[in-house]
Amino acid sequence: MKTIAYFVTDSGFGHITRSTAIIKYILESSDYNVMLISNRDQINHATIGLRQYEKRVSFAKADTDANPVFYPNSLKVDVEKTTESVQGYIDELEDNMFDLYWLMKGIDICGVITDLSVLGIMIAKKIGVPCVGISNYTWYNRYKKFGLSDAILDFYKSWFDQLDSLLKFKFSDDMSGLDCPIENVGLVCRDVDQTSSGDFKKRFWPAVYLSVGQVEKKKEKFNINFPSGTIVATGNIEVEGKVHLVKLPPRLSHTQDYIAACSFALIKGGWSSVSECLILGIPFGILEQGDSEDEELCNMLFEENLAFKTTEDELRSFDIKTMNIKTTTIKHEKFKNDAPNVAKRLIEIIENVN
């Protein structure tokens with residue numbers, strides 16, 4: 001059976017959630033098997049999310065990306081340490097590629113899809129099969145924005161330019177300067193289990209979804225005034241005040257079920273969380289953190305009035321009435337889940353190049 005190798009960056013957790021949404025439709029709309037390559041945490045998550053397809057999905061562990069380094073308790077990039085991290089990864093990349101190549105050598109790989117990882121492009125070229133990229137940003141453009149060296153930028157550009165096609169999600173960052181073919185696609189989201197989400201909504205409504213990333217590392221508690229309501233929180237957030245708290249376990253594989261059951265969400269501006277809110281039609285606010293890697297996305301959402309801004313001070317002590325008023329100031333537009341069409345297009349490109 002022919003197999004599509006699907007590489008997922010291990011930089012950030014939203015990449016694996018959107019990838020499992022797409023992989024599901026690849027499996028349902030074709031006879032291909034899928035081999036998913038990423039690090040241990042991402043694979044553990046995908047194993048749960050794709051368990052019903054276990055006979056057609058295999059996994060391989062690899063370091064699929066370098067990770068940007070941030071200043072403590074911040075989403076501001078430490079350029080010096082990020083440069084060291086990226087250069088160290090580049091120095092070991094060829095050895096990592098050959099290790100993975102020998103592991104995959106006996107598998108009938110017909111094409112490679114990569115969510116951002118240059119390792120996937122290198123493997124595709126080594127095997128001699130088509131390679132399609134899909135992302136909301138590229139490391140070339142992001143590292144350029146961070147101010148990394150020309151040598152690093154040239155390395156990433158040279159590999160991204162070898163993609164047979166790059167699918168660019170809606171609300172993507174700037175991808176100018178690349179020479180590979182680029183086409184636009186929509187938003188993607190994991191399907192909601194209506195039974196699970198409906199049960200939660202029945203038990204805990206009204207509820208607010210709270211997932212604000214790095215701010216969780218700070219020691220101050222959230223003082224929330226939400227009588228008779230529920231806060232659904234990710235991470236190690238400490239909450240006090242008049243509110244019922246439901247803490248979700250780390251790396252939960254179906255957070256979309258909880259988002260769908262809430263009246264609105266307060267999130268860090270990661271693309272996958274934003275996409276889920278927009279597709280599910282859940283109003284949301286984004287924690288404003290200034291110069292962060294998601295700044296381009298957040299600015300687009302604010303400009304189109306699809307999200308409202310909130311600050312750490314507002315989150316640390318907020319009244320539900322005030323937040324509810326904020327939700328009325330934005331568009332409650334519901335976007336289509338384009339995962340089925342994205343999966344179809346990925347397959348078409350691989351088959352047409354072949």
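Author: Start with a pairing. In this predicted model, β1 and strand β4 (residues 109-115) are joined by six bridges and run parallel.

Reader: Which residue of β4 is the bridge partner of V8?

Author: V8 has D115 as its partner in β4.

Reader: How many bridges join β1 to strand β2?

Author: Five bridges link β1 to β2 (residues 33-38), and these two strands run parallel. Take one residue as an example. Y6 of β1 has L36 as its bridge partner in β2. Now follow the chain between the two strands. It leaves β1, passes through α1 and arrives at β2, in a right-handed β-α-β crossover.

Reader: Is strand β1 mostly covered or mostly open?

Author: Count the buried residues. A residue is buried when its relative accessible area is under 20%. In β1 (residues 3-8), six of six residues are buried, so the strand is mostly covered by that cut-off.

Reader: Which residues of β1 point one way, and which the other?

Author: T3, A5 and F7 point one way. I4, Y6 and V8 point the other way. Both sets are buried.

Reader: What span should helix α1 have, and what is the distance between its ends?

Author: Use the rise per residue. At 1.5 Å a residue, the 15 residues of α1 (residues 14-28) should span 21 Å. The end C-alpha atoms are 22 Å apart, which agrees with that expectation.

Reader: Why is α1 called largely enclosed?

Author: Count again. Of its 15 residues, 12 are buried, so the rest of the structure largely encloses the helix. Among them are H15, R18, Y25 and L27. The stretch from I16 to I23 is also on the buried list: I16, T17, R18, S19, T20, A21, I22 and I23.

Reader: How many cavities of 30 Å³ or more are there?

Author: The count is two. The largest holds about 50 Å³ of space. Its lining includes C277, F284, L306 and H332. K331 and E333 also line this cavity. By class, the lining has six nonpolar, two polar and two charged residues.

Reader: What lines the second largest cavity?

Author: This cavity holds about 30 Å³. Among its lining residues are T114, L116, Y137, F160 and L166. Strand β5 (residues 131-135) gives the largest share of the lining, three residues. By class, there are six nonpolar, four polar and no charged residues.

Terms used. Residues numbered from 1 in each chain as written. Predicted model: local features only at pLDDT ≥ 70, side-chain atom pairs only at ≥ 80, totals over all residues. Heavy atoms only, no water. Helix = DSSP H or I, 4+ residues; strand = E, 2+ residues; numbered from the N terminus. Expected span 1.5 Å × (residues − 1). Buried < 20%, exposed > 50% of the residue type's maximum accessible area, 1.4 Å probe, protein only. 1 Å grid on protein atoms, 1.4 Å probe; cavity = no way out; pocket = protein on both sides within 12 Å on 5 of 7 lines; lining within 4 Å. Points joined across faces, edges and corners; volume = space filled by probe spheres on them. Nonpolar A, V, L, I, M, F, W, Y, C, P; charged D, E, K, R; others polar. Pairing = 2+ DSSP bridges. Right-handed = clockwise from strand over helix to strand, strands pointing away.
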